[in-house]
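Colleague: Please give me a close look at one part of this model. I want the pairing, the packing and the surroundings.

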Amino acid sequence: MPLGYLDDEDTFSSNDGPSALPERNVLSIMVLTGPDAGLYYRVPPSGGTVGRGEASHFRIRDPYMSRRHAVIERNPEGGYRIRDLDSGYGMYVEGQARQVSGLQDGQRIQLSGETVIRVRFEDVNETELIHQMRMAAMSDPLTELANRRYLMQRLDQEISFSRRHKTPLALMLIDVDGFKSINDTYGHPVGDEVLKSVARLLERAKRREDVVARYAGDEFVIICRGESIDLVLRFAQRIVESVRNHPITVNDRRHTLSFSIGVAELEVDNPDAGPMELFVRADSALYHSKLAGRDRATAFQAGSSHAHPKRGDELDTLRVSIPPERPTDPSK
């Protein structure tokens, strides 16, 4: 049948007029620049606060923003406005300092030297489509964690931010010990449920400012911002102990898991140290955890080999695991 066969068919006709289009009354926020570039929020009719604090409705993890930086609220005419909450940096709408400003479609608002947001008015169909497209582009379909593509984009942003402001940045590479045997013994559907449970555990364990992602197969990554490698190592050890002490139940069968974790920190003053260097170091530390018996966390120490060691006696070049402790929240 020729490719153009549909052109030979009769055109359906209708006397119906166009259907009413939804009103573009859904306000959204897109973070254009800064450490949270790419973040997207839908603003409810009641509005909400913008800031770096955990209590903010629209949280942007920029240390140069105030905890409660600005508030989006209804104005007397029924539209939206944004009002500065006596923030340290102030608020600039399209480059002009403002204390209060009505919001118009497409406006850019600068909230720090790093962060610029854009506001848009969308209809409900557009908003839902954008949300679905963003989730598909950023999320792992099985675990609903951030996927590898988003992870690498975010890591680039975090490294740039860390270098500019001389703040610590660490990467945690997590491997589920013996996961292949679960797939081989119980089948891939059970293995998938185990990975979903692991994802939920990591989401509960992380701080709000951390990024947790599925890297590949049974490997996961957490990006930890603003903490020393010693605190991140304690955090990693707490995760190791948590999964060890809380078996996962799938189809009425309990599976006791263990994690091997490698932790590495960014060399902030080394311009040649990028994402690949950070992953190589974390992978080397992870290999040491495996070599030392698994079910543990190890931190990479500068001066040790970046490649996988060949001898167990090299283990003494790395820090040993220390008692668990969650990192403190830098917003407090």
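Colleague: How many bridges join β12 to β17, and do the two run parallel or antiparallel?

Modeller: Seven bridges join them, and they run antiparallel. This is a predicted model, where local features need pLDDT of at least 70, side-chain atom pairs need 80 or more, and totals for chains, interfaces and linings use all residues. Numbering starts from 1 along each chain as its sequence is written, and side-chain values use heavy atoms, without hydrogens or water.

Start with the pairing (at least two DSSP bridges between two strands). Strands are DSSP E runs of at least two residues, helices H or I runs of at least four, both numbered from the N terminus. Within the β12–β17 pair, I174 stands opposite I261 in β17. β12 also pairs with β14, again in the antiparallel sense and over seven bridges. There, L171 stands opposite I223 in β14.

Now the faces of β12. Eight of its eight residues are buried (under 20% relative accessible area with a 1.4 Å probe, protein chains only; over 50% is exposed, in between is partly exposed). In a regular strand the side chains alternate between the two faces of the sheet. One side of β12 carries L169, L171, L173 and D175. The other carries A170, M172, I174 and V176. Both faces are covered.

Next, the packing. The largest nonpolar core has 35 residues (buried Ala, Val, Leu, Ile, Met, Phe, Trp, Tyr and Cys, joined through side-chain atoms within 4.5 Å). M172 of β12 is among the residues with the most contacts inside this core, together with V198, L202, I239, F259, I261 and V263. β12 (169-176) and β17 (259-265) each supply at least two of the core residues. So do β14 (219-225), the helices α3 (179-186), α4 (188-205) and α5 (229-245), and the strands β15 (248-250) and β18 (296-299). Apart from it lies another core, of 23 residues, including I159, L169, V221 and I223.

I239 shows the local packing. Beyond four places in sequence, I239 touches M172, F259 and I261, as well as L201, L202, A205 and I222 (contact is heavy atoms within 4.5 Å).

Finally, look at the start of β12. S162 is found in helix α2 (residues 148-165). Its relative accessibility is 2%, so S162 counts as buried. Its contacts outside four places in sequence include L169 of β12. The others are T167, P168, L266 and V268.
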